[in-house]
Amino acid sequence: MADDYLVRIGRLIRDARQHRGWTQTQLAEALGTSQSAVNRIERGNQNISLEMIARIGEALDSEIVSLGYAGPMHLRVVGGRRLSGSIDVKTSKNACVALLCATLLNAGRTTLRRVARIEEVYRILEVLGSIGVRTRWINDGNDLEIVPPAELDLGAMDTEAARRTRSVIMFLGPLLHRMDHFKLPYAGGCDLGTRTVTPHMTALRHFGLEITATDGTYLAEVDRSVAPKRAIVLTERGDTVTENALLAAARHDGVTVIRNASSNYMVQDLCFFLEELGVRVDGIGTTTLTVHGVAKIDRDVDFSPSEDPVEAMSLLAAAVVTESELTIRRVPVEFLEIELAVLEEMGLDHERSTEYHADNGRTRLVDLTVRPSKLQAPLDKIHPMPFPGLNIDNVPFFAAIAASAQGQTLIHDWVYDNRAIYLTDLNRLGAQVKLLDPHRVLVDGTTRWRSAEMMCPPALRPAVVVLLAMMAAEGTSVLRNVYVINRGYEDLAERLNSVGAQIETFRDI
């Protein structure tokens, strides 16, 4: 038990240090100790006094370690407040994790600008660090520098971190070019029902990759004599499937055609990054990608991922349900045009600025001002489609919006097995959400939101939808164990507080 306690404290210290953007050496200097001592503390291999825990907490400006292991993080929300002012959209979580996996293609130094400081990114960084990749936060913790080793040590992989993120499956594409045999732990992430990996295996088999699933592990074997002889047709137009195929094609010395490819925002950002690595990609933004791969990539590159359209939709929904006037800056409008068209049909009062480019020079942005509106239920059902359709991850936000609108809205979330079920959690807050089957809910508005105390749903977007409803509800609500929100959003509570929300972060002692 004592050893387990030290390991948990060590992980908290490591997470707090990484959140601050410090190296182990920097923390050691602040504490007047050695880097090796900090390393032992973070690994749980050194006894640590309460005094030292307090000193570390003071150095890192983190209550997380000041009391040792304090249990899950919760949010206390005082609702019924109007938002005002302006808020910037952060860079895309899904693009950032794909780009981190893509750095395994490059023997050179990669610098990623304004990387999302979220749990999903931290988990991938932990996995990369454990296999020998050097990563460090630079420029006051805003940017991330990644330098791979000559040889990866997959045997040292942090399997616990790997199992906590489904993104680790995107290691398959880069790794098949680096070694003939390797293994990866089963991928985790949100609880969204069965999310098959079969499309990944089908796509990567064209590059000689064969996977055997054993007890909690994928065993990979690569046949170097196998190469794509014809176009790869993906069996589903999935984002991560397309990204994995792109990562495999990038270092295949030849031309690979990928059909039925996703053209979503994170896929486009990955294509832009591959072009910086010297890999030509034709057809970006379409469902047919032609990749002109190169056998070796060794470049020092600097890349800026674009803004997150799903976070933009979250902030837009926050303004709608709280009946606020709010300006959301740096909105990637080309990935929200269908959502905005539906909201216009429902009666949303909003204004857009002139378009301008994201830092990647390619993605179109606008500043969007949302005003209090009398919304009516849409005439048609809300359902996702692959880009350029309504984004799959934006569907849950329409549950809160529909609950704020007059009339009845049918929401059909056909992609995930369980996610629609979590939308019924809104009923605890006064909504009328009727589950028709595991994929469809019927939402009756308008809603008189009421406060409640409840556990956070285990899926990212429904969890944020519950938080937004709590912001609209008069009184004080409590949302318990919000790790899943921290997986996908950077400092969401603090940023919402900056525009008028009242959300307090706390832990059980």
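Is C101 buried or exposed? C101 counts as buried, because its relative accessibility is 0%. That residue comes back in point 4; here are my notes on the rest of the structure, which is a predicted model.

1. **Overall size.** Let me start with the dimensions. For 509 residues, a compact globule would have a radius of gyration near 23 Å, and the protein has 23 Å, so the two agree. Along the principal axes, the C-alpha atoms fill a box of roughly 65 × 60 × 45 Å. If you are setting up a view, those principal axes are the ones to which the box refers.

2. **Secondary structure and contacts.** The protein contains 19 helices and 23 strands. Taking contacts between residues at least 6 apart in sequence, 74% join residues at least 24 apart. As for burial, 57% of the 509 residues count as buried.

3. **Surface and charge.** The accessible surface comes to about 20300 Å², and carbon and sulfur atoms account for 45% of it. There are 55 positive and 66 negative charges, and their mean positions are 2 Å apart.

4. **Cysteines.** How many disulfides does the structure hold? The count is zero. For C101, the closest cysteine sulfur is in C96, and at 11 Å it is too far for a bond. C271 tells a similar story: its closest cysteine sulfur is the one in C101, 15 Å away, which is again too far for a bond. For a disulfide, the two sulfur atoms would have to be within 2.5 Å. C271 is also buried, because its relative accessible area is 1%.

5. **Cis peptide bonds.** Two peptide bonds deserve a look, given the usual pattern. Most peptide bonds are trans. The bond joining F387 and P388 is cis, with omega about 15°. P388 sits in the loop between strand 17 (364-371) and helix 15 (397-403). The bond from G445 to T446 is cis too, and its omega is near 0°. T446 belongs to the loop between strand 20 (440-445) and strand 21 (453-455). In this second case the cis bond does not lead into a proline, since it runs from G445 to T446.

6. **Positive phi at D140.** The backbone angles offer a couple of points as well. Most residues other than glycine have a negative phi. D140 is not a glycine, yet its phi is positive, at about 60°. You will find D140 in the loop between strand 4 (134-138) and strand 5 (143-147). Its relative accessible area is 78%, so D140 is exposed.

7. **Positive phi at R330.** R330 is another residue other than glycine with a positive phi, here near 65°. R330 is placed in strand 14, which covers residues 326-331. With a relative accessibility of 18%, R330 counts as buried, because the cut-off for buried is under 20%. So, of these two residues, D140 is exposed and R330 is buried.

8. **The surroundings of G208.** Which residues are in contact with G208, leaving aside its neighbours within four places in sequence? They are E221, V222, D223 and V226. The C-alpha atoms of G208 and V226 are separated by 4.8 Å, though the two are 18 residues apart along the chain. G208 lies in the loop between helix 10 (198-204) and strand 7 (209-214). Because its relative accessibility is 4%, G208 counts as buried.

9. **R230 and I258.** R230 is found in the loop between strand 8 (217-222) and strand 9 (232-233). Its relative accessible area is 61%, so R230 is exposed. In sequence, R230 and I258 are 28 residues apart, while in space their C-alpha atoms are 9.4 Å apart.

10. **R419.** A last arginine to look up is R419, in helix 16 (residues 419-422). Its relative accessibility is 2%, so R419 counts as buried. Between the C-alpha atoms of R419 and A250 there are 34 Å, and the two residues are 169 apart along the chain.

Technical notes. Residues are numbered from 1 along each chain as its sequence is written. This is a predicted model: local features need pLDDT of at least 70, side-chain atom pairs count only at pLDDT 80 or more; totals for chains, interfaces and linings use all residues. Side-chain values use heavy atoms; hydrogens and water are left out. Helices (H or I, at least four residues) and strands (E, at least two) are DSSP runs, numbered from the N terminus. The radius of gyration is taken over C-alpha atoms; the globule rule is 2.2 Å times the number of residues to the power 0.38. Buried means under 20% relative accessible area, exposed over 50%, partly exposed in between (1.4 Å probe, protein chains only). Contact means heavy atoms within 4.5 Å. Accessible areas come from the Shrake-Rupley method with a 1.4 Å probe; for residues, only the protein chains shown count as cover. Lys and Arg count as positive and Asp and Glu as negative; His and the chain ends are not counted. The place of a charge is taken as NZ of Lys, CZ of Arg, CG of Asp or CD of Glu.
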